[in-house]
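Let's take a walk through this structure, one site at a time. Have the viewer open and follow along.

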Amino acid sequence: MDAEQTRAVLATMWRIRAFEERVGQLKRADEVHGLIHLSIGQEGVAAAVCGQLRTDDAVYSGHRAHGHALAKGAPMTRALAELMGRRDGLCRGMGGSMHLVDVEHGFLGATGVVGGNIPLALGTALALHAAGRDAVAVVFFGDGAVQAGLFAESVNLAALWRLPVLLVCENNGFAEFSPRSAHTPVERVRDVVAPYGLVGGTVDGNDVDAVWAAVAGLLPAVRAGEGPALLECLTHRLRGHYEGDPDRYREAVSSAEWRERDPIARLQRAATGDGRLDPDELPGFERTARDQVERAVLAARESPFPDAALAASLAYRR
Ligand SMILES: Cc1ncc(C[n+]2csc(CCOP(=O)(O)OP(=O)(O)O)c2C)c(N)n1
Ligand SMILES: [Mg+2]
């Protein structure tokens, strides 16, 4: 990444970090509703991937979706208003954390159905391909989704039809409370897809320069219609599976070790070390992001709750 790209990616990561830390507080204060999964520790993947996409590229996410939505351009106030169940939310306050959608910015949606986003991304990729467009579909999913049957079906069809889809696996080593070893003997997702001949591979997902370089290497071919790619990003979620998870099934990361792994701290160290960024500019990224979050909180609180009649009008009727 050059200096400008680094600034943009760092700003995105800080926006996600500040947003999600505040969302955690708001959840504990009962201002944010529903099950909340934070991606703190994994922000580098969302920022480095979405930072190279166009608005007309489609992004799908799963249950841990805030970072992907923000990185793809969803306005923070509307994302927060959605989590707070307010009328100005991305889905009029009726979707919540696991159902964020922002069509205008190419964020075609989050889903709570683990792996369910992969065939949806395939459908979009097929539509883009049929229309002769050079936009791509990108789908973020976890290592747990790889064990869903539809992952295999999707990889097979994507490879067979050479669809313009970038599969991004955020491999954090856990599916809910189960370590990888409890649900599959195959350690690396790239080995699961090896027979299909997808391009791509495994990178350290907390090394944002590495994620950026890998995506930059893969995206042109996917865009040119040369077929799908899979990028496996090894990462770590710092928070529990969901907000409120007592998180007793794994070793706690010491704060010293966390500073080593933290994708934000790592990028800041790398970029000041090689002269891309001046150390003096670093505090501004965090300050700007936290100010933006506070403005979003105030704006979302001003937004009314949706009219109950709206829910009734949208309900499925035979
Ligand atoms: C089809 C389906 N099966 C099970 C669940 C319950 N569930 C929610 S999150 C999760 C684990 C997902 O793990 P992973 O894909 O690795 O994502 P991560 O939480 O690590 O980001 C499971 C099994 C679900 N939501 N949907
Ligand atoms: Mg996982």
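What follows goes from the overall chain to its salt bridges, then to a few buried spots and a metal site.

Keep in mind that this is a predicted model. For orientation, the unreviewed UniProt entry lists residues 13–307 as "domain: Dehydrogenase E1 component". Over that stretch, the chain is 43% helix and 12% strand, and the C-alpha atoms at its two ends sit 34 Å apart.

A handy place to start is helix H1, which covers residues 3–28 and includes Arg15. Several arginines on this helix are worth clicking on, and they don't behave alike. As general background, side chains of opposite charge can pair when their charged atoms come close. The count for this model comes to 22 salt bridges, and three of them with an arginine from H1 are described here.

Begin with Arg7, which forms a salt bridge with Glu281, with 2.8 Å between the closest N and O atoms. This pair ties together distant parts of the chain: Arg7 belongs to H1, while Glu281 lies in the loop between helix H11 (263–273) and H12, 274 residues apart. How accessible are the two partners? Glu281 is partly exposed at 23% relative accessibility, and Arg7 is partly exposed too, at 25%.

Further along H1, Arg22 pairs with Glu294, again with closest N and O atoms 2.8 Å apart. Here the link runs from H1 to helix H12, across 272 residues of sequence. Glu294 is partly exposed, with a relative accessible area of 35%, whereas Arg22 is buried, at 17%.

Then there's Arg28, whose side chain meets that of Glu243 in a salt bridge of 3.3 Å, N to O. Those two are 215 residues apart, with Arg28 in H1 and Glu243 in the loop between strand E8 (229–234) and helix H10 (255–261). Which of the two is buried, and which exposed? Arg28 counts as exposed, at 58% relative accessibility, and Glu243 is buried, at 9%. One more thing to look for is a small set of shared partners: Glu4, Arg7 and Glu281 are joined into one network by their salt bridges.

Now go back to Arg15. This residue is buried yet has no salt bridge. Why not? A salt bridge needs a side-chain nitrogen of Lys or Arg within 4 Å of a carboxyl oxygen of Asp or Glu, and the nearest side chain of opposite charge, Asp102, is 9.5 Å away, so the pair falls outside that cut-off. What Arg15 does have is a polar contact of 3.2 Å with the side chain of Gln292. Leaving out neighbours within four places in sequence, Arg15 is also in contact with Leu70, Ala74, Met76 and Ala289.

Met76 takes us to helix H4, residues 76–83, where six of the eight residues are buried. They are Met76, Ala79, Leu80, Ala81, Glu82 and Leu83. What do they pack against? Their partners are H1, helix H3 (66–71) and helix H12 (282–302). Just after H4, check the backbone at Gly85, which takes a positive phi of about 70 degrees.

For another buried position, jump to Val215 in helix H9, residues 208–223. Val215 counts as buried because its relative accessibility is 1%, against a cut-off of under 20%. Outside its neighbours within four places in sequence, Val215 is in contact with Val49, Gln52, Pro220 and Leu231. There's a long-range approach here as well: Val215 and Gly51 are 164 residues apart along the chain, and their C-alpha atoms are separated by 9.9 Å.

Last stop, the magnesium ion (ligand 2). Which residues coordinate the ion? The donors are Asp143 (OD), Asn172 (OD1) and Phe174 (O), at 2.0 to 2.1 Å. In sequence, these donor residues follow the spacing D-x28-N-x1-F. Asn172 is buried, with a relative accessible area of 11%, and Phe174 is buried as well, at 19%. If you're setting up the site, note that water is not among the atoms, so it may look incomplete.

Notes:
Residues numbered from 1 in each chain as written. Chains lettered and ligands numbered in written order. Predicted model: local features only at pLDDT ≥ 70, side-chain atom pairs only at ≥ 80, totals over all residues. Heavy atoms only, no water. Helix = DSSP H or I, 4+ residues; strand = E, 2+ residues; numbered from the N terminus. Buried < 20%, exposed > 50% of the residue type's maximum accessible area, 1.4 Å probe, protein only. Lys, Arg positive; Asp, Glu negative; His and termini not counted. Polar contact = N/O pair within 3.5 Å; in protein donor to acceptor, adjacent residues only side chain to side chain. Contact = heavy atoms within 4.5 Å. Donors = N, O, S within 2.8 Å, 3.2 Å for Na, K, Ca; no water. UniProt positions renumbered as here; feature names shortened; annotations may be inferred.
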